[in-house]
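Reader: I have a new structure open and don't know where to start. Can you walk me through it?

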Amino acid sequence: MMVDVRRVKLPGVGVLHTFVTDDGGKVGVIAHRSGHSDLITFSDHEDGSDVTKVSLRLNEDEAHTLAELLGGTQITETLTALDQIPGLSIDWFTVDYDDHIAGQQLGAPGDRGFVGLTVVAVVRGDSANPAPAPDFKVFPGDTLVVAGTPEKVAKAFSFFRTGEVASRVAADAPPGG
């Protein structure tokens with residue numbers, strides 16, 4: 001018998017997978033973009049008088065260990081395979097009030113030294129703005145969906161936070177900063 005797993009994207013957080021057990025219990029796993037996972041179990045009894053909830057945070061190694069102990073699942077293997085496309089990283093950056101990019105125009109990644117990096121979309125509330133133009137204004141709470149090499153994605157995230165473009169050549173940087 002196949003277990004019906006529901007998958008819901010949580011913009012800026014990760015992905016929630018849930019299913020209901022034969023005895024009516026509910027199980028959920030939130031796979032966070034940062035790599036850790038939350039294992040959640042809860043059961044609702046008919047009269048509502050006895051509700052049990054458990055939440056457990058697992059780091060990446062602990063989550064893999066638990067999956068192996070439970071025998072692994074088809075969905076875990078599928079997601080792992082998707083994450084292993086060589087040279088491609090797709091990640092989400094949620095804009096906070098103190099981030100450099102907040103209140104700024106998105107700009108063209110290539111003009112900022114991020115050739116080969118693409119902002120796929122900006123998610124605002126319940127709506128996505130696919131392929132945003134360079135003059136698209138970014139606000140706190142927006143989530144930028146970015147694709148490129150892992151190194152370029154990391155550099156872009158650093159720029160979104162600080163406004164500084166990290167340079168590989170330290171000699172180009174002025175003394176003290």
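Author: Start with one helix. Phenylalanine 157 and phenylalanine 160 both sit in helix α3, three residues apart, which is about one turn of the helix. Keep in mind that this is a predicted model.

Reader: Are those two buried or exposed?

Author: Both phenylalanine 157 and phenylalanine 160 are buried. Phenylalanine 157 has a relative accessibility of 10%, and it counts as buried because the cut-off is under 20%.

Reader: And how do the rings of phenylalanine 157 and phenylalanine 160 sit as an aromatic pair?

Author: The pair is tilted, with 6.3 Å centre to centre and 35 degrees between the planes.

Reader: How many aromatic pairs are there in the whole structure?

Author: A search of the whole structure finds four. Another of interest is phenylalanine 93 with phenylalanine 157: the ring centres are 5.1 Å apart and the planes are at 55 degrees, so this pair is tilted.

Reader: Where do phenylalanine 93 and phenylalanine 157 lie?

Author: Phenylalanine 93 lies in strand β6 and phenylalanine 157 in helix α3, so the pair ties together parts that are 64 residues apart in sequence. Phenylalanine 93 is buried, at a relative accessible area of 4%.

Reader: Which residues do the ring pairs link into a cluster?

Author: Phe93, Phe157, Phe159 and Phe160.

Reader: OK, stepping back. How many helices and strands does the protein chain have?

Author: Three helices and nine strands. Along the sequence the pattern reads β-β-β-β-β-α-α-β-β-β-β-α.

Reader: What share of the residues is buried?

Author: Buried residues make up 24% of the 177 residues in the chain. The accessible surface of the chain comes to about 11800 Å², and 56% of that surface belongs to carbon and sulfur atoms.

Reader: What about contacts between residues 24 or more positions apart?

Author: Among contacts with a separation of 6 or more, residues 24 or more positions apart account for 46%.

Reader: Now the inside. Which residues in the largest nonpolar core touch the most other members?

Author: That core has 18 residues, and those touching the most other members are Phe93, Val95, Leu106, Val138, Leu144, Val146 and Phe160. Strands β7 (118–124) and β9 (143–148) and helix α3 (150–162) each supply at least two of the core residues. The largest share, five residues, comes from α3.

Reader: Why would nonpolar side chains be buried together?

Author: I can only give you the general pattern: in soluble globular proteins, nonpolar side chains tend to be buried together.

Reader: What is leucine 106 in contact with?

Author: Leaving aside neighbours within four places in sequence, leucine 106 is in contact with ten residues if you count along this list: Ile101, Arg112, Val119, Val122, Pro132, Ala133, Pro134, Phe136, Val138 and Leu144.

Reader: Back to β9. How many of its residues are buried?

Author: Six of its six residues are buried. Both faces are covered, with Thr143, Val145 and Ala147 on one side and Leu144, Val146 and Gly148 on the other.

Reader: Which strands are joined to β9 by bridges?

Author: One is β6 (residues 89–94), which runs antiparallel to β9 and is joined to it by six bridges. Isoleucine 90, for example, has alanine 147 in β9 as its bridge partner. Strand β7 also runs antiparallel to β9, with five bridges between them. There, valine 122 is partnered with leucine 144.

Reader: Threonine 143 isn't one of the nonpolar types. What does its side chain make a polar contact with?

Author: With the side chain of threonine 94, at 3.4 Å. Threonine 143 is found in strand β9 and is buried, with a relative accessible area of 4%. Beyond four places in sequence, threonine 143 is in contact with Pro11, Gly12, Trp92, Phe93, Thr94, Ala121, Val122 and Val123.

Reader: Last one, different spot. Where is asparagine 59?

Author: In the loop between β5 (51–58) and α1 (60–69). At 38% relative accessibility, asparagine 59 counts as partly exposed.

Reader: What does asparagine 59 touch?

Author: Not counting residues up to four places away in sequence, asparagine 59 touches Gly35 and His36. Glycine 35 is 24 residues from asparagine 59 along the chain, and their C-alpha atoms are separated by 6.9 Å.

Key: Residues are numbered from 1 along each chain as its sequence is written. This is a predicted model: local features need pLDDT of at least 70, side-chain atom pairs count only at pLDDT 80 or more; totals for chains, interfaces and linings use all residues. Side-chain values use heavy atoms; hydrogens and water are left out. A nonpolar core is a set of buried Ala, Val, Leu, Ile, Met, Phe, Trp, Tyr and Cys residues joined through side-chain atoms within 4.5 Å. Buried means under 20% relative accessible area, exposed over 50%, partly exposed in between (1.4 Å probe, protein chains only). Helices (H or I, at least four residues) and strands (E, at least two) are DSSP runs, numbered from the N terminus. Contact means heavy atoms within 4.5 Å. Two strands pair if DSSP finds at least two bridges between them. Accessible areas come from the Shrake-Rupley method with a 1.4 Å probe; for residues, only the protein chains shown count as cover. A polar contact is a pair of N or O atoms within 3.5 Å; within protein, one must be able to donate a hydrogen and the other to accept it, and residues adjacent in sequence count only if both atoms are side-chain atoms. Rings of Phe, Tyr and Trp (its six-membered ring) pair if their centres lie within 6.5 Å; planes under 30 degrees apart count as stacked, over 60 as edge-to-face and the rest as tilted.
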